[in-house]
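User: I am new to this structure. Please show it to me, and then let us go through some questions.

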Amino acid sequence: MIKKSLVYLLLGGLAYLLFVSQDSKYIVAGVGIFIIGMHFMEDGFKLFSGGMLEKVIAKTTDTIPKSISLGVIATAILQSSSLIAIIIISFLSAKLITLSSAIGVTFGSNLGTTATAWIVSYFGLKIDIAAFALPMVIFGVIFRFFENKSTKGMGNILLGLGFVFLGIGYMKDGFEDLKEGIDLSQFAVEGYLGVLIYIAIGIIATMILQSSSAMLALTITALATGQIMYLNAIALAIGANIGTTITAAMGAMVSNANSKRLAVGLVMFNTVTAFAVVFVLYYFVDFVDMMAGYVGISPDDYAMKLSLFHTFFNLFGLVIWAFFIPRLVTYLKTLFVEDMETYISKPRYLNMDVVEVPSAAFEATKKEVIHLYENATEVLSHAIMLHRHRYLGQHNIDNIVRESTDIIELDIDNFYQTRIKSLYSDIVDYSTFFVSKLTDDKKSYIIGLRGACRDIAEAVKDTKELQKNIAKYLQSNNDYIKEEYNLLRISIAKTMDVINQIKNSHDELDVLAKSKVLQDYLKNMDVITSGRIDALIRENKIDKKMATTLLNDSSNAYNVTNKLINVAKILWIEDVTIKKIGEQL
Amino acid sequence: MKLEKIYEMAKEYLEVLNGEDVKKKKVKELKEEIEEKISKLKKKAKNADNDEDREDYRKEIGALKEILAKLDKKD
């Protein structure tokens, strides 16, 4: 409730901000475009898996020193440590790089980003990365039309990079006026208090700007024009280093456990280094002053000295941390347990390229629901302690069930999350892209398919209690209760077997007739309608607790089988007339 | 690739391209189809190897007759 209210409040605030401030539109749109770009890049790198890119990355990041070097060089060329962090997160998600290498690259990239400070302080200008954005988007779109997987992947990467650049460009444009409006000199504070205040300002400003390079450029300009003290500028630079990790955290939020580990590693690197440097700040500044003399920087050239400080600061962090990367990786692995993403059942037929041809997308959706059903039959079979190959298509299902008494360990909740729910969401999401373009009859069929997905999901959830009690009573000494649970297992197994026949029959009347026969069989098998429950209680063959459990499970099994029959009718009866008759039976 | 496979794929492709509308059989057409199915099943039941199979066919015939009755009402 509180979370929901907070979201509405934030959305309301955002709407108000967009209404009153022109600049904010560019900033917010920039963030959106930036995130879209990140997704494109991730897709692009995934398309490259198994190809040349993998080999190049493997060669340049197989050891920690190599990874660090790659980070330094790539960031110095691309002029953005945030961008490198995002690329590395994409690499990690696509499993093209290990966590140790990724950490090495991002730590190296912290040093590489100091190149910007040198360029700004020496040449007084910065490469406008936004100028590359539109050509990248154009070529990215063209490359995406190619059939070749690698070219398509390159298209996605270019498109993603273009959007990321464009996003940063929009953010910066929006902040241009803000940058001019900030008068840093009014906050000049001496001593350690000043250092802490300016670190905080550096963090917040970099979080908003989403670029430590931009923040450093601002700081160097302010320092060169005498708006701030040298020590305050140093604190701003330290703050900028911490603030920039928020960009990586933003990327990690939409990614897997490994990416979260990387983001936390980066936050730790910057925060711990900052604390260490602040602790010995005055000695560190003296050391930088001394080194400035050696490299020929004049004592009053504070802008250049700030760049030197920034370089030594990151180098210091790198030296400290480089030796601890393996230990850090071990710690981070305990912090975030590998999520289920790896095991999630991915859609087989939901191709977005097909969405523009509604009739083809319609067929793809139908096939995907059948895929979902197949996943469900796996869990349902295991829940009743059977393997599909043992009973599907067999005549003597009753005997097979009674003979199969081995308990199959199964975590239904986990299975539901990884094999059912994600696919169900994908199907519903995919169908929204083309359903409006369909004829009314086909539209109602798609709505039916969504209903089938819901039935499949509920059927799986309904088996949770059932599975627990089947496992319990299969090992019971009471033969009567054991037999009742065997009958429930037989009902479910026969239902899945008949549906398997229906699936392969290609005759809609056959589907209807077989469903009807199955429904009648299930009614006769029911423990209440058959009167068996009364006899079992009356003759003291089962106790009261067993009876209530059996009644509940019988109802669960009935729900499961009915839902499965409903799914079969939806999936394998398309003819509207036959479908309507089926609803009346 | 076998010729039959290519033919199946081509057929599927054409069906996808042309299949703008879902199928809608006429009641009369359906009734004829069911009656034909029932007579085939009766023959199968007569020639069944065992009682169990015979019983299965009988149940299916019963279900089809029920469908036919529903269609009669609709007619």
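**Rings, a helix and a second chain**

Analyst: This is a predicted model. In it, K442(A) lies over the face of F362(A), at 4.1 Å from the ring centre.

User: Over the ring of which residue does the charged end of K305(A) sit?

Analyst: A charge counts as over a ring if NZ of Lys is within 6 Å of the ring centre and within 35 degrees of the ring normal. The charged end of K305(A) is placed 5.3 Å from the centre of its ring partner. That partner is Y230(A).

User: How many aromatic pairs does a search of the whole structure find?

Analyst: The search covers all chains. Its total is 16 aromatic pairs.

User: How far apart in sequence are the parts that the pair of F269(A) and W321(A) ties together?

Analyst: The two rings are 6.3 Å apart, centre to centre, and the 45° between their planes makes the pair tilted. Both F269(A) and W321(A) are buried. F269(A) lies in helix α14 (residues 257–279) of chain A and W321(A) in helix α16 (residues 302–322) of chain A, so the pair ties together parts that are 52 residues apart in sequence.

User: Which residues do ring pairs link into a cluster?

Analyst: The links here are ring pairs. They join F284(A), F287(A), F309(A), F312(A), F313(A) and F316(A).

User: What span should helix α15 of chain A have?

Analyst: The helix holds 14 residues, 281–294. Its end C-alpha atoms are 20 Å apart. At 1.5 Å a residue, this agrees with the expected span, which is 20 Å.

User: Within what arc do the buried residues of α15(A) fall?

Analyst: The buried residues in α15(A) are L281(A), F284(A), V285(A), V288(A) and A292(A). Seen down the helix axis, they line one face, because they fall within an arc of 100°.

User: Which residues are exposed on the other side of α15(A)?

Analyst: Exposed means over 50% relative accessible area. On that other side, the exposed residues are Y283(A), G293(A) and Y294(A).

User: Which residue with a positive phi follows α15(A)?

Analyst: Its phi is near 85°. The residue is G296(A).

User: How many helices does chain B have?

Analyst: Chain B has zero strands. From the N terminus on, its elements run α-α-α. The helix count is three.

User: What percentage of the residues in chain B is buried?

Analyst: Buried means under 20% relative accessible area. Chain B has 75 residues. The buried share of them is 25%.

User: What is the accessible surface of chain B?

Analyst: Carbon and sulfur atoms account for 51% of this surface. The whole comes to about 6100 Å².

How values were computed:
Residues numbered from 1 in each chain as written. Chains lettered and ligands numbered in written order. Predicted model: local features only at pLDDT ≥ 70, side-chain atom pairs only at ≥ 80, totals over all residues. Heavy atoms only, no water. Helix = DSSP H or I, 4+ residues; strand = E, 2+ residues; numbered from the N terminus. Expected span 1.5 Å × (residues − 1). Buried < 20%, exposed > 50% of the residue type's maximum accessible area, 1.4 Å probe, protein only. Arc of directions from axis to C-beta. Phe/Tyr/Trp six-rings, centres within 6.5 Å; stacked < 30°, edge-to-face > 60°. Areas by Shrake-Rupley, 256 points an atom, 1.4 Å probe, with all protein chains shown as cover.
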